[in-house]
Amino acid sequence: MLFRSASGGYTDLDKLSPSSQDAAWLALKLAVIGNLVKKANLPVVMDDPLRLLDDTRLAMVSKTLKNIGAHMQIVLLSTQKAHGKIADHAISLVPQNTNK
């Protein structure tokens, strides 16, 4: 798969860093989801799509997810506690440490 860079050239996905690859795939998925929003009001479940994003990309993706989330329900599963901060509602499934 080829991606167009900001300079106008093309880059193969395999030549991007893991973080950039993750961001590229997520952008493609969000574009498809954005298109589906227009056709059906179905919830979207995403399993840990943000794990490799740096803070800048995380902020951009968060804004995009909130825009899409205004039109449909998005359930975001993550192993990163910090990702709960970008959600409107977060539920932790990790048992709390109970020192007795």
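A residue counts as partly exposed when its relative accessible area falls between the buried limit, under 20%, and the exposed limit, over 50%. Keep that in mind for the close-ups below, which all come from a predicted model.

**View 1. R57 and D54 meet in a salt bridge.**
Here the two side chains pair up, with 3.4 Å from N to O. R57 has a relative accessibility of 23%, so it counts as partly exposed. Its partner D54 is partly exposed as well, because its relative accessible area is 35%.

**View 2. S19 sits buried in helix 1.**
Helix 1 covers residues 18-37, and S19 is part of it. With just 16% relative accessibility, S19 falls under the 20% limit and therefore counts as buried. So who are the neighbours? Leaving aside residues up to four places away in sequence, S19 touches L52, L53, D54 and R57. Two of those names should look familiar: D54 and R57 are the salt-bridge pair from View 1.

**View 3. D88 and K66 form a salt bridge.**
The closest N and O atoms of this pair are 2.8 Å apart. The bridge ties together distant parts of the chain, 22 residues apart: K66 belongs to helix 2 (residues 55-69), while D88 lies in the segment after strand 4 (74-77). D88 is exposed, since its relative accessible area is 64%, whereas K66, at 39% relative accessibility, counts as partly exposed.

**View 4. Both salt bridges together.**
The count for the model comes to two salt bridges. One joins R57 to D54, and the other joins D88 to K66. As a rule, side chains of opposite charge can pair when their charged atoms come close.

Note on methods
Residues are numbered from 1 along each chain as its sequence is written. This is a predicted model: local features need pLDDT of at least 70, side-chain atom pairs count only at pLDDT 80 or more; totals for chains, interfaces and linings use all residues. Side-chain values use heavy atoms; hydrogens and water are left out. Helices (H or I, at least four residues) and strands (E, at least two) are DSSP runs, numbered from the N terminus. Buried means under 20% relative accessible area, exposed over 50%, partly exposed in between (1.4 Å probe, protein chains only). Contact means heavy atoms within 4.5 Å. A salt bridge is a side-chain nitrogen of Lys or Arg within 4 Å of a carboxyl oxygen of Asp or Glu.
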